[in-house]
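Please follow the chain with the model beside you, turning from one loop to the next and then to the surface and the rings. The explanation takes these places one at a time.

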Amino acid sequence: MAELLTREAYGAIADRLAFPTQSFVDGEYRPAASGKTMPTINPATGGILAEVAACDVPDVDYAVSKARAAYEDSRWRSKHPRERRRSCSACAR
């Protein structure tokens, strides 16, 4: 069994993590149209993990229009489900 790390060691690892902070639409990261951000909170410490894009109605409309276009021109619906899963998993990295 692996040895558990100390609280300080886990904290040091967390401090080195980098998170995508923009929305991911149509294969690219983009800030919120308004330029606004909002904090994401680490529930274990109460500290701020990152400031992420605070997307609003124009951002959702843009994402939906890009998703519709990708579906209608078959870029998305013609992909094998496994390939779609890989695409979605890549977004989360």
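In this predicted model, Asp-26 has a relative accessibility of 41% and therefore counts as partly exposed, since that class covers whatever is neither under 20% nor over 50%. Asp-26 is placed in the loop between S1 and S2, and its phi is near 55°, a positive value in a residue other than glycine. Most residues other than glycine have a negative phi.

A second residue with a positive phi is Ser-74, where the angle is about 75° although Ser-74 is not a glycine. Ser-74 belongs to the loop between helix H2, which covers residues 57–72, and helix H3, which covers residues 81–91. With a relative accessible area of 27%, Ser-74 is partly exposed, because the class of buried residues is kept for values under 20%.

Another serine, Ser-34, is found in the loop that joins strand S2 (28–30) to strand S3 (37–41), and its relative accessibility of 45% makes it partly exposed. A polar atom of the Ser-34 side chain lies 3.1 Å from the backbone nitrogen of Lys-36, a distance that falls within the 3.5 Å allowed for a polar contact. Seen from Ser-34, Tyr-62 is 28 residues away in sequence, while the two C-alpha atoms are 13 Å apart in space.

Tyr-62 also leads to the next topic, that of charges and rings. Which residue has its charged end over the ring of Tyr-62? That residue is Arg-30, whose charged end sits 3.8 Å from the centre of the ring. A further arginine, Arg-77, lies over the face of Tyr-71, and here the distance to the ring centre is 5.0 Å. As for rings that pair with one another, the structure holds one aromatic pair. A pair of aromatic rings is described by the distance of the centres and the angle of the planes.

The last stop is on the surface, where Leu-4, Leu-5, Tyr-10, Ile-13, Leu-17, Phe-19 and Leu-49 form a nonpolar patch, with about 670 Å² of accessible area together. One of these residues, Phe-19, lies in the loop between helix H1, residues 7–16, and strand S1, residues 23–25. Why does Phe-19 count as partly exposed? The reason is its relative accessibility of 38%, which lies between the limits of 20% for buried and 50% for exposed residues; this value is also over the 30% that a residue needs to be part of a patch.

Terms used. Residues numbered from 1 in each chain as written. Predicted model: local features only at pLDDT ≥ 70, side-chain atom pairs only at ≥ 80, totals over all residues. Heavy atoms only, no water. Patch = residues over 30% accessible without salt bridge, like charges linked within 9 Å, V, L, I, M, F, W, Y side chains within 5 Å. Areas by Shrake-Rupley, 256 points an atom, 1.4 Å probe, with all protein chains shown as cover. Salt bridge = Lys/Arg side-chain N within 4 Å of Asp/Glu carboxyl O. Helix = DSSP H or I, 4+ residues; strand = E, 2+ residues; numbered from the N terminus. Buried < 20%, exposed > 50% of the residue type's maximum accessible area, 1.4 Å probe, protein only. Phe/Tyr/Trp six-rings, centres within 6.5 Å; stacked < 30°, edge-to-face > 60°. Lys NZ or Arg CZ within 6 Å of the ring centre and 35° of its normal. Polar contact = N/O pair within 3.5 Å; in protein donor to acceptor, adjacent residues only side chain to side chain.
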